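Here is a short briefing on one protein chain. Start with its charged pairs, then move to the core, the pocket and the cavity.

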Amino acid sequence: MSVRVRRIYEPPEPDDGLRVLVDRLWPRGLAKDEARVDEWPKGLTPSAELRTWYHGGGSYEEFRSRYEAELGAPEAAELLDRLRTSARAGTVTLLTASRKTEESHAHVLAELLEG
């Protein structure tokens with residue numbers, strides 16, 4: 001199983017495999033044909049309330065806990081299972097506009113998919 005996290009602004013690479021945008025909003029200034037996104041499961045993204053709370057100064061540890069709770073909802077859990085199945089079949093690259101990918105929801109997703 002191979003799950004990667006990359007910024008969507010980085011050029012696509014041949015070994016990206018399935019490219020999945022995990023942000024709720026389309027990244028600014030990026031044309032859809034340039035991004036080469038294969039899937040965009042908005043149901044896996046943090047809620048607007050959680051994003052606002054985190055960007056307002058919330059801790060990463062608390063964000064992670066709250067986000068994992070959101071991922072337990074039926075729609076999100078189903079999407080997560082589908083993505084896990086894709087990751088077992090080949091490389092999955094989670095794409096985000098986040099500057100700090102190691103402290104982002106994409107990183108949480110990657111760990112959940114691999115774990």
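Eleven salt bridges turn up in a search of the whole structure. The model is a predicted one. Its largest nonpolar core holds 22 residues, and its largest pocket has about 690 Å³ of space.

**Salt bridges**

- R4 pairs with D15, and their closest N and O atoms are 3.2 Å apart.
- That pair ties together distant parts of the chain, with the two positions eleven residues apart in numbering: R4 sits in strand β1 (residues 2-7), and D15 sits in the loop between β1 and β2 (18-21).
- R4 is partly exposed, at 22% relative accessibility.
- D15 is also partly exposed, with a relative accessible area of 46%.
- R6 forms a salt bridge with E10, with 3.0 Å between the closest N and O atoms.
- Is R6 buried or exposed? R6 counts as buried because its relative accessibility is 7%, under the 20% cut-off.
- Its partner E10 is partly exposed, at 34% relative accessibility.
- R66 forms a salt bridge with E62, and here the closest N and O atoms are 3.0 Å apart.
- Both R66 and E62 belong to helix α3, where they sit four residues apart, about one turn of the helix.
- Each of these two is partly exposed: R66 has 36% relative accessibility, and E62 has 33%.
- Shared partners join several salt bridges into one network, made up of R4, R6, E10, E13, D15, D16 and R19.

**Nonpolar cores**

- Which members of the largest nonpolar core touch the most other members? They are L44, Y67, L83, L94 and L109.
- Five elements each supply at least two residues of this core: α2, α3 (60-70), α4, β3 (91-96) and α5 (105-114).
- A second core of five residues is separate, and I8, L30, A35 and L95 are among its members.
- Y67 touches L44, T45, P46, L50, H105, V108 and L109, leaving out residues up to four places away in sequence.

**L80 in helix α4**

- L80 lies in helix α4, which spans residues 74-89.
- L80 counts as buried because its relative accessible area is 8%, and the cut-off for buried is under 20%.
- Beyond residues up to four places away in sequence, L80 touches L44, L109, L112 and L113.
- Two of those contacts, L44 and L109, are also listed among the core residues that touch the most other members.
- P11 is 69 residues from L80 along the chain, and 25 Å separates their C-alpha atoms.

**Largest pocket**

- The lining of the largest pocket comprises 22 residues.
- Which of them lie nearest the centre of the pocket? D23, H55, T96, A97 and S98 do.
- Helix α2 (residues 48-55) contributes the most to this lining, with three residues.
- By class, nine of the lining residues are nonpolar, five are polar and eight are charged.

**S104 in a loop**

- S104 is in the loop between β3 and α5.
- Is S104 buried or exposed? S104 is buried, at 3% relative accessibility.
- S104 is in contact with Y60, F63 and S98, with neighbours within four places in sequence set aside.
- One of these partners, S98, is also one of the residues nearest the centre of the largest pocket.

**Enclosed space**

- Rolling a probe the size of a water molecule over the atoms shows where empty space is left.
- How many cavities of 30 Å³ or more are there? The count is one.
- The largest cavity has a volume of about 30 Å³.
- Its lining consists of E39, P41, L79, R82 and L83.
- Sorted by class, that lining has three nonpolar residues, two charged residues and no polar ones.
- L83 also appears among the residues that touch the most other members of the largest nonpolar core.

Technical notes: Residues numbered from 1 in each chain as written. Predicted model: local features only at pLDDT ≥ 70, side-chain atom pairs only at ≥ 80, totals over all residues. Heavy atoms only, no water. Buried < 20%, exposed > 50% of the residue type's maximum accessible area, 1.4 Å probe, protein only. Contact = heavy atoms within 4.5 Å. 1 Å grid on protein atoms, 1.4 Å probe; cavity = no way out; pocket = protein on both sides within 12 Å on 5 of 7 lines; lining within 4 Å. Points joined across faces, edges and corners; volume = space filled by probe spheres on them. Nonpolar A, V, L, I, M, F, W, Y, C, P; charged D, E, K, R; others polar. Core = buried A, V, L, I, M, F, W, Y, C linked by side-chain atoms within 4.5 Å. Salt bridge = Lys/Arg side-chain N within 4 Å of Asp/Glu carboxyl O.
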